[in-house]
Structures are given as C-alpha cells and as structure tokens.
Amino acid sequence: MVADPPKGDPKGYAAAEPTANGVSALVPLEDSGSAKGGCCGSGDRVRRCLRANLLVLLTVVAVVAGVALGLGVSGAGGALALGPARLEAFAFPGELLLRLLKMIILPLVVCSLIGGAASLDPSALGRLGAWALLFFLVTTVLASALGVGLALALQPGAAFAAINASVGAMGSVEEAPSKEVLDSFLDLVRNIFPSNLVSAAFRSYATSYKERLFNGTQVKVPVGGEVEGMNILGLVVFAIVFGVALRKLGPEGELLIRFFNSFNDATMVLVSWIMWYAPVGILFLVAGKIVEMEDVGMLFASLGKYILCCLLGHAIHGLLVLPLIYFFFTRKNPYRFLWGIMTPLATAFGTSSSSATLPLMMKCVEEKNGVAKHISRFILPIGATVNMDGAALFQCVAAVFIAQLNQRSLDFVKIITILVTATASSVGAAGIPAGGVLTLAIILEAVSLPVHDISLILAVDWLVDRSCTVLNVEGDAFGAGLLQSYVDRTESHSSVPELIQVKSEVPLAAQPVLTEEGSPLLKRCPGPAGAADTCEKESVM
C-alpha cells in the first residue's frame, strides 16, 4: 500500500523508494526528519530536497553557466579567435542534445496521440479537445493584446529610425520574396492533410514565387513544393483520427493500441535518460549562441527597448496571466505547478524549440504535477503545434515596433488586424528555432508594413525566441493541468467516468497516487488473482 499524504502538507513527500515487496512508496519528509531530530533531521531534509530536485538545479545552473561562459569567450575574442573549426567543436555538445531530442519527436508525437485518442471515448475526446482549443485561443488572444499594449505604451521603435544601417547587415532578408496571406493559410490547410505520411515525417508543403512575363508585365506566380522540415501538424491530425478509428474497432483494435502504448512508454524511458544529459547540452547551446554574435553589447544598446518590451511581455503573461487563469479554475498554487516543470522550461530556453522540449514536458507534468498520461499525451502534442502564446506576443510587439520605426500610424482597424493575424498565424508557426519570424511576414503584409525590416528582428531573435519558447511550453503545461482539474471535477460529480481507458491501462480507481501514474520507469504486475483491480507497480530499474 502507498501511504496517504497528510492533508495539511501535500508537499511533504520525497521521491518514491522501493519497499520490501518491491512496491514504490512515498517517504514523508517530516517523519524522517523528526525521527532523527535536531540538526541531523534538518540536514536529512535538505539532502532529500536536493536529491529530488537535482535535475532542476543542474539545468538552471547550466543556463547561468552557459551565459557566463559565452560572455567570457566573447570577451576573449569570440568566434574570430576560435575560428570556424573550433567554434563548431565548441557547440557540438549542444548540437548533440538537439539531435537526441529531435530523434524521438516523431515516435513520441504519433504514438502518444494515437494512444491518447484511443483511450478516450468520442464524447470525452470532443469535450477535452474543445476545452483545450478554447484555452489555447483565449491565452493567445490575451498574449497578442498584451504585446500590442506594451509596444504602444513603451514606444520601442520611436527613437530608432537609423538602426537599419548599423545592424541591418546582420540578418537581412530583403531579397526573400514576401508571402501572401492567402497562400500562407492555404499552406496551413494543405499541411493538415499530407499527401504522403512518410514524407510528412521530414518534409512539409510551402508556397514560393517565381517572376513570369504575362501580357508584357512581370507577374509573381505562386509555385508550391515540398521543403525541409517535419510536417508535425499533419502528423498530429492523422494520429488523432487513427486513434479514434482504432477505438471504433473495439476488441479487434486493442492489440494495436497496446502496441502504441508500449512504444510510447519505451520512448519515455529514453527521455528519462536524455534528461540527465540535458544540462550539459543546454550549457553549450547557450554559450555557443552568445559566442556566435559579433557584438552583443551593440545589439543591446541599439535594440534594448525592443528586447525589454518582448521580455517584459513574456514575463507578465507567464508569471501573472497564465498562473491567474490556472488558479481561478483550479484553486491550486500555480507556482508550485511551475516548479514542477522547471526542467522543461530551462530546456526550452536552451534549445529554443517547443517540439524538442515536448518529451521532457510530458515526463514532468505526469510525474511532478500529477497529470494523467492519457491527458498529457493527448493535449501536449496538440499544444506544441497550435499554442504559440510567446510567438503571438512577440509578433505583435515586432509589428508595432516596425510601424514606429517607419513612422507609420496604426489606427484601430490595423491594430485589430494585427491581433487577429498574429493569433491565426501563430497556429501555423513551426515549433523550431526562429519559427515565429517566418510567420511575422504575414502580419506585416496584412497591415502594409515593409517586410525587409525583419532584418532588425533577426539580429536579436536568438534571445527573444528563447523567451517565446519558454512561454509557449508553459502555456501547454498549464492547459494540461486545467484539463486534469476539469476531468477530476467531472468524475467526482458523475457516477459514470468520462474517460474510459483501454485494457492496457490501469483503471483510475486503482491509482491512489496521481504522481506515479506517468512514470516510464515503473511497470505493472498483475495481482494475486490476475484481476485488473489489484495491479501494483514495481520498478524496472
């Protein structure tokens, strides 16, 4: 049996430790400390706390050490002193982390969504999906409005009309043709329905343009084709539909559902191993990016107000708006929830990719914050694709910044256009580094602003995009927590459970401790009579 936590202190339990019969049990911190007494008990509590949060502390230290190392190498000569070969070797540990995380994105997204969709009955699937999309839409609109409001209040581009000459050469995209708004949304719909699932694993559809002579004039003609980059939106849609189809098969589809669930559990074990390499990779990712910049001080001096506006908006939305929404609906401490996902947040800052952070986020929300597997593995891949609060806020700030830079006035209609276009285009933003910049051109075209000024945005995107990614994945995690609270309330008020697990899953009634539900390092063993109700968990390590 697993000991019940004390009602007064839900935090007072350390990591699970195996008992004599092999069953994991939670060890109360206060009891172990009081048994030893005095200073020894206090030291034991500190050691247990450090051991339980060792990975979080290592990841945060890695970010700080990466910044310090990058600034130190830059002060000693930077990329010019290292040379191309040494610079590539310097950034190699970070590149290895990105490759490891991207390696498991495809099996994780497909298997988790198929298993999640198959484990929900159709009515629950529709309700959960609708609530999740509503939460993502509302938070994205709030982020866009906050970005526009901050940019109009702080005026980041009013005094920088001459910046283009100093930093424009660092990331000019002037020669790239702008993309029409209609073509962007048509590409989004095309990618939802990929023509080839195998190619969707590493290629997506995008429209480009060619100049052709038509009736004596040069006309820009759209030409579609496949480009490098995973079509994760199409894979998400296919996996959900395929999971629903497997559930419709009934008993005939259970074997395949078990296969995908087992595949997903094995992937999560790989994630738990990769997590211990993450601090090393994050350190060199952050340090390598700082070393690559030619003059960090000049960028902060010239575009400091724009950077401040973006980071302040992300901080307000991530530390106030999202936690307030979570607290309003759940009446739980949102900052305790945030502490449980500190490792994925630090990884998001280091990798600058919400898709690469997805495996770590699944593991942490399940084990640290008590979100059920069938909820996290259904909602988080969708959120990583369609929920881009940070990108929407940054795009709104950038659009107003470019308008002020060119001394263009923004009336009410243009502001509403920026809000709507930023909210819609952020859905199709790729979950990769600099994905939000690629869709910023859509907003600028919608309000007739010069696209070539994106070169200024690219000059500091290495920093702002990391903040965007942190906010994106934080919004995904809070969405999963809200849905878990909604499911708990629904089941407490109804005698018929809304979520129906397939036979390979442990029944909800047999799970006394939610925090153990999602651990990939635990396996289930049948009870004495082989009944599902007497299942217990034992460590596979």
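## Packing of helix α5 against helix α6

In this predicted model, helix α5, which covers residues 92-103, packs against helix α6, which covers residues 105-118, with their axes 5 Å apart and at an angle of about 30°. Because angles under 35 degrees count as roughly parallel, α5 is described as roughly parallel to α6.

The contact brings together Leu 101, Lys 102 and Met 103 from α5 with Ile 105, Leu 106 and Pro 107 from α6. By residue class, the contact of α5 with α6 consists of five nonpolar residues and one charged residue, with no polar residues.

## Length and burial of helix α6

Helix α6 has 14 residues, which at 1.5 Å a residue should span 20 Å, and this agrees with the 20 Å that separates its end C-alpha atoms.

The helix is mostly covered, since 12 of the 14 residues of α6 are buried. Among the buried residues are Ile 105, Leu 108, Val 109 and Val 110, and the list also includes Cys 111, Ser 112, Gly 115 and Gly 116. The buried residues of α6 pack against α5, α7 (122-154) and α11 (232-248), and also against α12 (251-275), α17 (354-367) and α18 (373-386).

## Surroundings of Gln 404

Gln 404 belongs to helix α19, which runs over residues 389-405. With a relative accessible area of 12%, Gln 404 falls under the 20% cut-off and therefore counts as buried.

Leaving aside residues up to four places away in sequence, Gln 404 touches Ala 151, Leu 152 and Gln 155, together with Pro 156, Gly 157 and Ala 158.

Methods
Residues numbered from 1 in each chain as written. Predicted model: local features only at pLDDT ≥ 70, side-chain atom pairs only at ≥ 80, totals over all residues. Heavy atoms only, no water. Helix = DSSP H or I, 4+ residues; strand = E, 2+ residues; numbered from the N terminus. Buried < 20%, exposed > 50% of the residue type's maximum accessible area, 1.4 Å probe, protein only. Contact = heavy atoms within 4.5 Å. Axes fitted to C-alpha atoms, helices over the stretch in contact; angles between N-to-C directions. Parallel < 35°, antiparallel > 145°, perpendicular 65-115°, else oblique. Nonpolar A, V, L, I, M, F, W, Y, C, P; charged D, E, K, R; others polar. Expected span 1.5 Å × (residues − 1).
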